Amino acid sequence: MEQTLLTGSANPRLAEILVAELGTPLSAVDIDRFPDGELHVEIQESVRGHDVYLIQPTSPPAEGHLFELLMLADAANRAGAARLTAVIPYLGYARQDRRVSGREAVGARLVADLIGAGGLVQRVVVVDVHSPAIEGFFGAPLEHLSAMSLLVESVRRQATRRSVIVAPDLGAAKLAERYAKLLELPVAIVHKTRLSGSEVSVRRLTGDVRGRTPIIVDDMISTGGTVEAAVGTLLSEGCEPNITVVASHGLFVGPAEERLSTAPVRRLIVTDSVATPQGLELPLEVVGLAPLLAEAVDRLHNNRSLDDLLTHA
Ligand code: R5P
């Protein structure tokens with residue numbers, strides 16, 4: 001079966017690097033808007049009988065990028081694609097995986113339902129989703145890739161024997177344990193409470209950070225509030241003012257740049273799952289996801305196991 005790769009407008013640069021890795025060209029897609037603002041998408045080449053991979057992170061603006069993904073999936077299906085895999089390097093809405101107050105929508109479930117609607121998409125590939133349990137929201141098989149094998153080498157370059165791996169909240173504790181095991185370093189955990197979408201507070205810290213250089217690990221940086229709060233706690237507990245932050249997804253929205261540039265963060269390591277905002281003045285190191293995505297797409301196309309690429313590996 002012929003392989004075809006398509007991309008929406010969320011992160012075309014990543015899609016271009018990915019096709020260069022695979023040696024398969026990107027099929028042309030026309031994406032525009034009608035005068036009333038409605039989206040219109042059209043695939044410019046035949047995909048009839050093809051094994052189609054649709055690359056699109058649902059990064060901000062999440063609704064627009066999600067709808068583009070759905071429209072492209074519909075177009076590919078109507079154009080006769082034999083099999084369609086949605087490759088979503090960053091899955092937006094994943095943090096809304098349960099109700100907190102009781103009168104909220106469960107956005108992650110709704111997004112999973114929309115992606116699965118009508119059985120257009122036969123398989124979904126995601127990278128370091130906020131909550132692994134989200135797999136259960138999808139009817140289609142979900143391949144949950146881990147970017148850790150790509151990120152860990154950059155982290156290793158920053159690490160010394162005096163480093164400590166820090167989870168900035170309980171949700172990141174398992175991730176921190178995995179980094180700590182690979183790098184043979186101790187772990188500290190910040191106990192965070194979220195006050196609002198952009199504000200958090202810290203209740204306490206578990207572990208010893210005095211005189212150590214922290215490496216904060218998380219799935220994503222959005223407004224930088226979590227990192228800012230963790231840094232404040234680490235400094236007040238006597239860590240060295242030389243902090244590395246590593247996260248799979250760097251959204252850098254709202255006050256993120258200001259918060260992160262005022263903290264003594266010497267290195268910020270993220271992947272290119274989300275297109276990095278232009279002109280960001282931060283000590284950023286961007287690690288490319290394309291080798292991991294290319295390997296996953298190639299193995300799926302050739303019906304080979306993805307086991308060692310997945311988060312549980
Ligand atoms: C939340 O639990 C996540 O793992 C991140 O810590 C959080 O979403 C980052 O968001 P922000 O940068 O806005 O604090």
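**Ligand shell**

I sorted the shell around the ligand by class and got two nonpolar, six polar and six charged residues. The model I am working from is predicted. The shell has 14 residues, and I noted those that come nearest: Arg 95, Asp 218, Asp 219, Thr 223 and Thr 226.

Next I looked up polar contacts to oxygen atoms of the ligand. In the side chain of Asp 219, an N or O atom is 2.5 Å from a ligand oxygen. For the side chain of Asp 169, I read 3.2 Å between an N or O atom and an oxygen atom of the ligand. Gly 224 takes part through its backbone, where an N or O atom lies 2.8 Å from a ligand oxygen.

I then checked how far the ligand is covered. Taken alone, the ligand exposes 370 Å². The protein buries 93% of that area.

Which elements give two or more residues to the shell? I found strand 9 (187-194), strand 11 (213-221) and helix 6 (225-236). Strand 11 gives the most, with four residues.

**The open sheet**

I turned to a sheet of five strands. It is open, its pairing is parallel, and its order is 1-4-5-6-7. Why is one side of strand 1 and of strand 7 left without a neighbour in the sheet? Strand 1 (3-7) and strand 7 (142-145) stand at the edges and have a single partner strand each, so one side of each stays unpaired there. I also noted the twist: neighbouring strands are turned by 20 degrees against each other on average, direction ignored.

I picked one pair for a closer look. Strand 4 (residues 51-55) and strand 5 (residues 83-88) run parallel and are joined by five bridges. Within this pair, I found Ile 55 of strand 4 opposite Val 87 in strand 5.

What lies across strand 1 and strand 4? I found helix 1 (residues 12-22) there. Helix 1 runs at about 160 degrees to strand 1.

**Backbone oddities**

I went through the loops last. Pro 60 and Pro 61 are joined by a cis peptide bond, and I read omega as about -5 degrees. Pro 61 sits in the loop between strand 4 and helix 2 (62-78).

I also flagged Phe 252. Its phi is positive, about 50 degrees, although Phe 252 is not a glycine. I placed Phe 252 in the loop between strand 12 (243-250) and helix 7 (256-262).

Technical notes: Residues numbered from 1 in each chain as written. Predicted model: local features only at pLDDT ≥ 70, side-chain atom pairs only at ≥ 80, totals over all residues. Heavy atoms only, no water. Pairing = 2+ DSSP bridges. Axes fitted to C-alpha atoms, helices over the stretch in contact; angles between N-to-C directions. Contact = heavy atoms within 4.5 Å. Near = heavy atom within 4 Å. Polar contact = N/O pair within 3.5 Å; in protein donor to acceptor, adjacent residues only side chain to side chain. Areas by Shrake-Rupley, 256 points an atom, 1.4 Å probe, with all protein chains shown as cover. Nonpolar A, V, L, I, M, F, W, Y, C, P; charged D, E, K, R; others polar.
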